[in-house]
Amino acid sequence: MSDLPAVSAEHLRLPDREALRPPFATHPPRILILYGSLRAVSYSRLLAQEAARLLTHFGCEVRIFDPAGLPLPDGAPVNHPKVHELRELSQWSEGQVWVSPERHGAMSGIMKAQIDWIPLSVGSIRPTQGKTLAVMQVSGGSQSFNAVNQMRVLGRWMRMITIPNQSSVAKAFQEFDADGRMKPSSYYDRVADVCEELVKFTLLTRDVSNYLTDRYSERKEEAAKLEQRVSLKSI
């Protein structure tokens, strides 16, 4: 006999191994890349483009969102064209890459604004829940991890599956050639590692993301709402 309270045990479910083994989807993994700078020469944009090349090589369908013209959070209605574009891309994606410069020891405001425009939920749809996430940053000076650490916190808050690996490129102005391509280095090797890992995690989780994010507390809450609706109808 279970020692759990009846109200709890009613909505608890044992892990379903079969639910974790659905047929693999065959379409290319859909990856959205966000970067956090509007500079004419933006190293976060160059790193985003380098990641896009790698992800495309690994068989992904990749889209990069251009933050130019995106209003400040709450500074425009949600039907603003750039806000609508960003939200549609987030919903389309199965995984994301966030690339930010580090400014004053933190991610850039442009990076944060993009994340702030993506809501936790739109009706019954959660645009980021269960999607994979990789985080990267560029720095003008020595190597730092402030921006990637902040983005990890945000990824968890957005209910995303943030992969273990990450990339931090120090003195980014030295790491790209005149054509905007990243030079061979240990930094490039780490970017390749991150992209490869993101693809693996996306393939592993995208078909079971709904099952992975199915929560006891939400089942319990939904059951209570249903019971309340039934009670109101019987009055």
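This report walks through a predicted model of one protein chain, from its overall build down to a few single residues.

## The whole chain

Let's start with the big picture. The chain has 235 residues, and 42% of them are buried. Its secondary structure adds up to eight helices and seven strands. If you draw a box around the C-alpha atoms along the principal axes, that box comes out at roughly 70 × 40 × 35 Å.

Next, who touches whom? Take the contacts in the chain with a separation of 6 or more: 77% of them are between residues 24 or more positions apart.

One pair gives you a feel for distance. Leu-226 sits in helix α8, which covers residues 216-234, and Cys-60 is 166 residues away from Leu-226 along the chain. In space, the C-alpha atoms of these two are separated by 41 Å. Leu-226 has a relative accessible area of 47%, so it counts as partly exposed.

## Two helices that cross

Now look at helix α2 (residues 43-57) and helix α6 (residues 186-205). Two packed helices are described by the angle between their axes and the distance between the axes. For α2 and α6, the angle is about 55° and the axes are 9 Å apart. That angle makes α2 oblique to α6, and the crossing is right-handed.

Which residues do the touching? On the α2 side they are Leu-47, Glu-50, Ala-51, Leu-54 and Leu-55. Over on α6, they meet Tyr-188, Val-191, Ala-192, Cys-195, Leu-198 and Val-199. Sorted by class, this contact has 10 nonpolar residues, one charged residue and no polar ones.

## Helix α4 and its buried residues

Helix α4 runs over residues 109-117. Its buried residues are Met-111, Ala-113, Gln-114, Ile-115 and Trp-117. What do they pack against? Their partners are a mix of strands and helices: β1 (30-35), β2 (61-65), α3 (81-92), β3, β4 and α5.

## Two buried loop residues

Is a residue in a loop buried or exposed? Take Thr-128, which is found in the loop between α4 and β5 (132-138). With a relative accessible area of 0%, Thr-128 is buried. Its side chain reaches the backbone oxygen of Met-158 at 2.7 Å. Leaving out residues up to four places away in sequence, Thr-128 touches Ser-90, Gln-96, Ile-118, Met-158, Arg-159 and Met-160.

Glu-94 is another loop residue, placed between α3 and β3. At 12% relative accessibility, Glu-94 also counts as buried. The side chain of Glu-94 makes a polar contact with the side chain of His-27, at 2.6 Å. Again leaving out residues up to four places away in sequence, Glu-94 touches several others, including Pro-28, Lys-131, Thr-202 and Arg-206.

## Two positive phi angles

Here is something to check on the backbone. Most residues other than glycine have a negative phi. In this chain, His-104 has a phi near 50°, which is a positive value. You'll find His-104 in the loop between β3 (95-103) and β4 (106-107). At 87% relative accessibility, His-104 counts as exposed.

Arg-159 has a positive phi too, near 65°. Its place is in the loop between α5 (146-157) and β6 (161-162). Arg-159 counts as partly exposed, at 31% relative accessibility. You've already met Arg-159 as one of the residues that Thr-128 touches.

## Phe-145 and its contacts

Last stop: Phe-145, found in the loop between β5 and α5. Phe-145 counts as partly exposed because its relative accessibility is 37%. How far is Phe-145 from Gly-105, which is 40 residues away along the chain? Their C-alpha atoms are separated by 8.9 Å.

Which residues does Phe-145 contact, if you set aside its neighbours within four places in sequence? They are Glu-102, Gln-137, Gln-166 and Ser-168.

Key: Residues numbered from 1 in each chain as written. Predicted model: local features only at pLDDT ≥ 70, side-chain atom pairs only at ≥ 80, totals over all residues. Heavy atoms only, no water. Axes fitted to C-alpha atoms, helices over the stretch in contact; angles between N-to-C directions. Helix = DSSP H or I, 4+ residues; strand = E, 2+ residues; numbered from the N terminus. Parallel < 35°, antiparallel > 145°, perpendicular 65-115°, else oblique. Left-handed = near helix turned anticlockwise from the far one by under 90°. Contact = heavy atoms within 4.5 Å. Nonpolar A, V, L, I, M, F, W, Y, C, P; charged D, E, K, R; others polar. Buried < 20%, exposed > 50% of the residue type's maximum accessible area, 1.4 Å probe, protein only. Polar contact = N/O pair within 3.5 Å; in protein donor to acceptor, adjacent residues only side chain to side chain.
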